[in-house]
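Welcome, and please open the model in your viewer with side chains switched on. We will walk from one aromatic ring to the next and then look at some charged neighbours.

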Amino acid sequence: MVDVQDLARYPFLEEAQDYVRNESGTLDLILRSELGKSLLEHASRRVQDTLAQKNPVECGIYGRDAKEDIYTYVLARMLVSCINDRVLIDRLSQFEARRAYSWFVREERSRMVGIAEKVGIDLEQPTMPVITYVGLISHLNDERWRLVNRHVENGQVHLQPEEMQELVEERMRAIIRERLPLTVPDDICRIFQPYTHEVSAAIQQRTLEEFGEVDESSFPPCIAALIRAVTAGTNLPHVGRFALTAFLNNIGLSTTQIVEVFQRAPDFDLSMTMYQVEHISGRSGTEYTAPSCATMRTHGLCVRRDETCEKVSHPLSYYKWKKRQNQYSVRKSSR
Ligand code: SF4
């Protein structure tokens, strides 16, 4: 890893961080200069591209050269930290990991081995210790990664060479994610304000576009069952309340609308419900994402699976898929 081009491709590595520290002078000065404005524009585009889930390979570099590209990586991370939206931070981590991985797979073998080593993966080995493996796959939904589906021997998980490589991308994502959000001073966040507003508006717009008007008939069976349980006065366990609230919040219901759902319960307590809903929906800091199907299964909340469930790994994907199907059927029948 010798030149600035390399550092731009893998900006989360220590060497790139050192480069920025040595080269940048005071960040405050840069941000207040014309160059700073232009870098912020590029950083904002970088964040918007992650929101739009663009293919990083097609996005090109951000800024005029590799050096500016590295700066925009730093600024993009600061920008999302000022906004502190969990979904946005997750998406940026994923986007940056995919971008780095797209370079990684084009490297010569010896360089691949070196880069993988820097993120803690030994590509020369056909196995990985169970403990390392379990930590690595905790965010991967594909069934093939589950430990029960792997060949494990003497505390080692056997992996195909291409699977080892795939885990490098996951490791890159985890490294980028675990360092976010950064602690950004308020006066710096103020400089970012026009861009944070722009990105926040884009988040809002995407939520509306993705989910549109609420359509209860598209709710997955697990969520419909939770709503029925609330309505029937069942005392839901915390994880059930959490899953329901996070789901309703993620599809765009307001706090009041979510509270109205819980209001159907006979033992409804307004202030307690408001507190819980505001906490889970992020009005007080962190916004939570509804649990995946795997997590729902673990907690016994995956009930009455239907054929759509076979196609998805997340209740939100179920909802999006089903809603599209419903809209398509309505359009078809009105022709
Ligand atoms: S498979 Fe997923 S969407 Fe379907 S019921 Fe289970 S948790 Fe819900």
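A residue counts as buried here when its relative accessible area is under 20%. Keep in mind that this is a predicted model.

**First stop: Phe 219.** Select Phe 219, which has a relative accessible area of 7% and is therefore buried. Now add Tyr 319, buried as well with a relative accessible area of 0%.

How many aromatic pairs does the model hold? The count comes to 5. Phe 219 and Tyr 319 make up one of them, a tilted pair with 5.7 Å from centre to centre and 55° between the planes. Colour the backbone around both: Phe 219 sits in the loop between helix 11 (186-211) and helix 12 (221-231), while Tyr 319 belongs to helix 17 (residues 315-333), so this pair ties together parts that are 100 residues apart in sequence.

**Second stop: Phe 247.** Keep Tyr 319 on screen and select Phe 247. Their ring centres are 5.8 Å apart with the planes at 80°, and because planes over 60 degrees apart count as edge-to-face, that is the label for this pair. Here too distant parts of the chain are linked, since Phe 247 lies in helix 13 (residues 238-250) and Tyr 319 in helix 17, 72 residues apart. Phe 247 is buried, as is Tyr 319. Show the three rings at once: Phe 219, Phe 247 and Tyr 319 form one aromatic cluster.

**Last stop: Trp 103.** Centre the view on Trp 103 and add Arg 9, which lies over the face of the ring at 4.0 Å from its centre. Then add Arg 106, whose charged end sits over the ring of Trp 103, 4.5 Å from the ring centre.

Definitions and conventions:
Residues are numbered from 1 along each chain as its sequence is written. This is a predicted model: local features need pLDDT of at least 70, side-chain atom pairs count only at pLDDT 80 or more; totals for chains, interfaces and linings use all residues. Side-chain values use heavy atoms; hydrogens and water are left out. Rings of Phe, Tyr and Trp (its six-membered ring) pair if their centres lie within 6.5 Å; planes under 30 degrees apart count as stacked, over 60 as edge-to-face and the rest as tilted. Helices (H or I, at least four residues) and strands (E, at least two) are DSSP runs, numbered from the N terminus. Buried means under 20% relative accessible area, exposed over 50%, partly exposed in between (1.4 Å probe, protein chains only). A charge sits over a ring if NZ of Lys or CZ of Arg is within 6 Å of the ring centre and within 35 degrees of the ring normal.
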